[in-house]
Amino acid sequence: MTFNRRTLLAAVSAAAILGQPFAAAAADLPRNIRMVIGSTSTGGDTYQSASIVAEALSEKLDVNIKVDAVGAVNGLKALERDSRGTTIMLFHDFAYLAELYGGKGFVNPFEEFKVGATIATNPGNAYLVGANSPYQTMEDILTAAAEGERVRVAIQPGGVSEIGFSAMKNAAKVRAPGSEENIVAVNTGSQSDKNQAMWDGLADVINGSIQANEQFTQLDGDDQKAMRFVWITASPETLQQAPEAGMGQLTRDDMMDYASPETSVTLDGDQDFTFDKEFFLIYNKDMDEAMIEAIDQALAEIYQDGAIQEKQTAAFFTPNFRPTAEAAEHLEEKRETYKKVISEISG
Amino acid sequence: MDILAFISPLFVLLVIGGTLVGIIFGAIPGMTATMAVAVCLPVTYSLGLENGLALLLGLYVGGISGGLVPAILLGIPGTPSSITTTLDGYPMARAGHGEKALRIGICASLVGGLVSLLILDLFAPTLADFAIKFSYVEKFLIILFALSVMAALSSDLLLGIFSGFLGIFISLIGTYDVTKGGNGEWRLIPPGTSYWLESGFSLLPVLIGLFGLAAILDEAETGMKAGMSQKDVDIGKHERFSLSIFRGQWVNLIRSSCIGTFVGILPGVGGSAASILSYSNAKTFSRHPERFGKGEPAGVMASEAGNNGLTGGALVPLLSLGIPGDSTTALLIGAFTLQGIQVGPLFIGNNPVTWDAMIFAMLIANLAMFVLMYFAIRYFAMVVTIPKHILFPVILMMCVIGAYTINYGIMFDVWTLLIFGVFGWLMTKIRLEVAPFIIGFILGPSAEVYFVKTLESFGDLTVFFTKSWIAVLLWVLIALSVGGSAYLQTRKGKSAP
Amino acid sequence: MGNLTHVTINFDTSHLIFPTLIGCILGLLGLAIAIRDRRAIAASGAHWRDILGRMDKPRFFGTLALTIAYFSAMVPVGDIWPNTGMGFLLCSIPLVAGSGLLFMRERSLRKAVPLMIVAVAAPVLVWWLFTDLFFLTLP
């Protein structure tokens with residue numbers, strides 16, 4: 001048994017030397033940081049935007065940053081437990097939308113956490129119809145609803161996929177009160193479920209994205225799978241920064257045609273509703289301000305250098321850096337707008 | 001075909017290297033092909049598209065195949081898709097035919113991989129068009145068909161089916177998953193446990209708990225009898241292996257490969273269903289269904305041909321619809337977007353070189369898998385000669401790694417391992433059956449979504465029978481499978497005293 | 001006839017349909033088992049006494065205790081050096097050593113030496129592999 005103890009002691013002391021919590025040279029950031037993301041997929045857009053920014057940050061700050069795809073619920077839990085700055089989170093608008101839609105177990109991140117810098121936008125959120133659909137535009141859809149026709153929209157409830165749907169209902173209500181009842185949700189899950197809902201004739205309009213659905217819009221009209229964009233929710237300012245060639249055969253100019261102001265889904269009769277899916281950092285509420293500042297500082301320098309923008313654009317993200325204070329204000333404002341939309345249509 | 005455009009020594013080396021790493025991942029209980037692809041995904045950015053894919057596809061094929069090693073030698077499925085391999089492979093190993101079982105598994109894997117590759121190469125777009133004819137109704141029936149194997153696997157019909165339904169029930173604990181079409185509400189969570197249980201129990205920790213930890217507890221209970229018994233150590237090294245074992249099994253092999261491929265093509269049905277369905281079919285149509293579960297080579301063949309058939313199949317919807325066929329191919333989408341390549345219905349036409357490269361990589365990966373594994377059998381087999389007091393602690397540690405890393409670092413998954421380890425041990429004591437339980441657990445969530453969504457969309461129960469000819473055909477298969485097991489049970493009852 | 005098979009699903013409560021259905025089936029199956037196997041169930045006390053009587057108690061409960069201690073210690077230990085996987089490494093070494101000794105029959109130094117080598121080498125190897133090479137998070 002003495003052997004056992006001695007081995008143990010040796011191992012412990014060796015490990016203690018190895019694993020010293022060295023402080024990063026810059027502003028006392030922990031040496032090893034875990035960046036949790038709100039998605040469980042390591043192939044999705046959240047993971048990609050996280051890995052791009054994590055790589056840049058770890059190089060700039062000379063710390064290790066691991067990206068862990070633990071999902072929204074577990075990510076927020078991990079963040080809640082750790083105020084030392086060794087866990088940070090990267091997520092998108094779902095972080096506050098989930099609570100607005102009454103998602104079980106979700107809280108207002110502006111109160112329970114600290115919302116930090118924005119880093120990128122995915123401009124791809126879109127709505128599509130089948131190629132043989134009678135609806136050519138959003139105008140057609142809203143008019144149909146006003147005339148008492150039922151329009152079924154396939155979405156994944158409770159987040160980014162639903163917000164555009166809520167906006168449609170809201171616009172219908174602004175245009176012809178009562179007609180919002182004719183825009184109904186078909187609650188599905190993944191993109192494949194949404195596509196399938198259209199092919200099965202269960203939905204007239206589906207939520208999708210430029211990235212995932214563009215090729216379907218290139219198909220022949222008589223192909224069962226063929227689709228057509230009717231609305232891209234991103235703001236014109238965001239789309240303006242997308243690569244000019246766009247994606248596939250959809251150029252940036254084409255995209256602009258499907259987005260505000262060309263395609264208008266009204267917010268209140270004057271302004272258009274727009275939705276940019278933005279990725280931003282979230283911190284534990286009690287995390288040291290100096291650390292947050294250090295990260296902001298590093299991000300500012302990274303975006304100054306310009307290499308990250310190229311990477312983001314190549315992966316079809318729009319670079320979108322705002323330091324913490326500015327970002328939090330912007331996102332909270334956004335939350336207020338959507339809160340109003342959601343309460344309008346449910347009230 | 002301009003093969004020389006992408007083939008370089010590096011390309012081939014990456015496929016082979018990927019396959020090797022994949023096999024190792026697959027062979028460690030708790031590590032999966034998905035994880036192998038996930039950890040290597042960032043590397044591919046610097047490799048360029050074709051070379052990156054070479055590595056990832058190698059990992060994919062290797063990871064799916066490696067699972068058969070612990071399944072056969074230790075009775076612990078290395079990955080969820082090798083559960084049915086355990087059912088017959090482990091009894092074979094216990095009876096001293098371990099090497100034979102490994103060889104059968106490896107050959108069947110090769111057949112499965114090649115058949116599915118051929119199907120992928122020739123029919124990808126056509127099959128994708130066929131797959132989208134499967135609505136919620138047909139998908140539910142496919143799951144139901146796979147579930148019907150629960151009856152076939154039960155040694156006591158009533159207790160077995162009870163165990164299976166218990167598995168389904170426990171799989172429903174937690175949130176009705178929004179990403180699968182649920183409403184995000186909680187159910188079946190005992191008061192005070194929501195902090196841990198809101199995401200439910202994850203499959204992999206449950207699986208390695210039931211098979212890995214429970215086996216360790218079982219051995220501890222009986223006192224870890226010195227070393228392995230002589231019979232265990234002799235896994236049949238000197239047994240002559242000839243391909244004649246496959247005589248009369250070609251139908252089974254090809255059918256299982258096709259089933260695996262087809263399950264892969266259906267988005268959302270899930271990888272583990274492939275081997276379960278092939279196994280269930282092999283049993284239904286076998287002349288000796290009563291031998292299944294007791295060390296029947298045909299069972300190992302069906303399972304392994306099925307899960308490797310999945311590899312080509314799962315690429316069909318990915319490359320012709322932009323929709324992943326299983327969780328591993330979902331990661332491949334990431335690899336494409338990282339390189340700025342769109343996947344969708346036009347992928348194959350727009351990227352002929354990449355397409356050829358992928359087919360070629362899959363071909364090399366399958367061949368490399370076969371060669372690597374076939375010649376490594378004697379080293380695999382050494383595992384069983386390691387004394388238990390060294391082997392089991394290390395297995396326990398590996399189970400913890402697998403459980404902790406499967407969802408990228410969630411401690412509750414490690415506790416799940418313990419809960420189901422104890423539960424698995426208890427189950428055998430009260431004669432509940434682990435195999436139907438785990439199958440119920442795996443398929444439960446999909447069964448729920450497709451069942452509820454069918455009713456939600458069609459609002460009528462008759463649609464299950466009237467939706468399409470596919471639905472009718474599936475009902476026939478379900479009836480055959482259930483009827484077959486019931487018949488076997490009664491015959492067994494009569495022949496028993 | 002059409003009305004009999006007709007169902008309307010309320011999406012907000014649709015999370016309860018399947019659990020209820022499965023719960024009912026489970027209840028029925030359980031009842032059937034209880035009726036069929038009533039004798040065996042009545043005799044379960046003896047069954048368990050028998051199991052406990054034959055059980056190698058130190059090894060069985062020792063394994064359970066070690067596992068629980070192992071799992072419980074991992075996170076607190078890991079928290080001292082966050083995100084380095086130290087919790088896993090420092091707890092796995094004593095676990096492998098401890099449970100190895102527990103499982104070993106006829107303990108002797110000759111058998112303990114290889115075990116101790118494995119107890120140190122295996123965790124260090126996997127720790128290095130997973131944290132450094134594969135860049136995965138360990139406790």
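Me: Where is the place of B:Ala486?

Reply: In this predicted model, B:Ala486 belongs to helix α22 (residues 469–495) of chain B.

Me: Why does B:Ala486 count as partly exposed?

Reply: A residue is buried with 20 or more other C-beta atoms within 10 Å and exposed with 12 or fewer. B:Ala486 has 13 C-beta neighbours inside 10 Å, and therefore falls between the two limits as partly exposed. Along the chain, B:Ala486 and B:Ala152 are 334 residues apart, yet their C-alpha atoms are separated by 8.1 Å.

Me: What makes B:Gly344 buried?

Reply: The limit for a buried residue is 20 or more other C-beta atoms within 10 Å. B:Gly344 has 24 of them, so this glycine counts as buried. Its place is in the loop between α15 (327–338) and α16 (347–350) of chain B.

Me: Which residues is B:Gly344 in contact with, leaving aside its neighbours within four places in sequence?

Reply: Three of the partners lie in chain A, namely A:Glu214, A:Gln215 and A:Phe216, and the other is B:Gly322. The C-alpha atoms of B:Gly344 and B:Gly322 are separated by 3.9 Å, although the two glycines are 22 residues apart along the chain.

Me: How many residues does the contact take from chain A and from chain B?

Reply: Chain A provides 41 residues and chain B provides 36. On the side of chain A that touches chain B, two or more residues come from each of α2 (45–61), α3 (72–81), α8 (191–199) and α9 (210–217) of chain A. By class, that side of chain A has 13 nonpolar, 22 polar and six charged residues.

Me: Why is α2(A) called roughly perpendicular to α12(A)?

Reply: The axes of α2(A) and helix α12 (residues 289–305) of chain A cross at roughly 105° and come within 10 Å. Angles of 65 to 115 degrees count as roughly perpendicular, and therefore α2(A) is placed in that class relative to α12(A). From α2(A), the contact uses A:Ala56, A:Leu57, A:Lys60 and A:Leu61; from α12(A), it uses A:Ile295, A:Ala298, A:Glu301 and A:Ile302. The residues of this contact divide into six nonpolar, no polar and two charged.

Me: What makes α6(B) oblique to α13(B)?

Reply: Helix α6 (residues 136–147) and helix α13 (residues 272–284), both of chain B, pack at an angle of about 60°, with their axes 8 Å apart. Roughly parallel requires an angle under 35 degrees, roughly antiparallel one over 145, and roughly perpendicular one of 65 to 115; the rest are oblique. An angle of about 60° meets none of these three conditions, so α6(B) is oblique to α13(B). The crossing of α6(B) past α13(B) is left-handed.

Me: Which residues make the contact of α6(B) and α13(B)?

Reply: B:Ile143, B:Phe145 and B:Ala146 come from α6(B), while B:Ala273, B:Ile276, B:Leu277 and B:Ser280 come from α13(B). By class there are six nonpolar residues, one polar residue and no charged residues in this contact.

Me: How do you know what radius of gyration a compact globule of 497 residues would have, and what does chain B have?

Reply: The rule takes 2.2 Å times the number of residues to the power 0.38. For 497 residues, the value for a compact globule is near 23 Å, and chain B, with 22 Å, agrees with it. The C-alpha atoms of chain B fill a box of roughly 65 × 60 × 50 Å along the principal axes. Of its 497 residues, 65% count as buried. Chain B holds 22 helices and two strands.

Me: What radius of gyration does chain C have, and what would a compact globule of 139 residues have?

Reply: A compact globule of 139 residues would come near 14 Å, but chain C has 25 Å. Its C-alpha atoms fill a box of roughly 75 × 45 × 20 Å along the principal axes, and 32% of its residues count as buried. The secondary structure of chain C consists of seven helices and zero strands.

Me: How many residues does the contact take from chain B and from chain C?

Reply: Chain B gives 51 residues and chain C gives 52. On the side of chain B that touches chain C, α18(B) gives the most, with 11 residues. That side of chain B has 34 nonpolar, nine polar and eight charged residues.

Terms used:
Residues are numbered from 1 along each chain as its sequence is written. Chains are lettered from A and ligands numbered from 1 in the order in which they are written. This is a predicted model: local features need pLDDT of at least 70, side-chain atom pairs count only at pLDDT 80 or more; totals for chains, interfaces and linings use all residues. Axes are lines fitted to C-alpha atoms, for helices over the stretch in contact, and angles run from 0 to 180 degrees between N-to-C directions. Helices (H or I, at least four residues) and strands (E, at least two) are DSSP runs, numbered from the N terminus. A crossing is left-handed if the near helix is turned anticlockwise from the far one by less than a right angle, and right-handed if clockwise. Two residues are in contact if their C-beta atoms, placed from the backbone, lie within 7 Å. Ala, Val, Leu, Ile, Met, Phe, Trp, Tyr, Cys and Pro count as nonpolar, Asp, Glu, Lys and Arg as charged, and the others, Gly among them, as polar.
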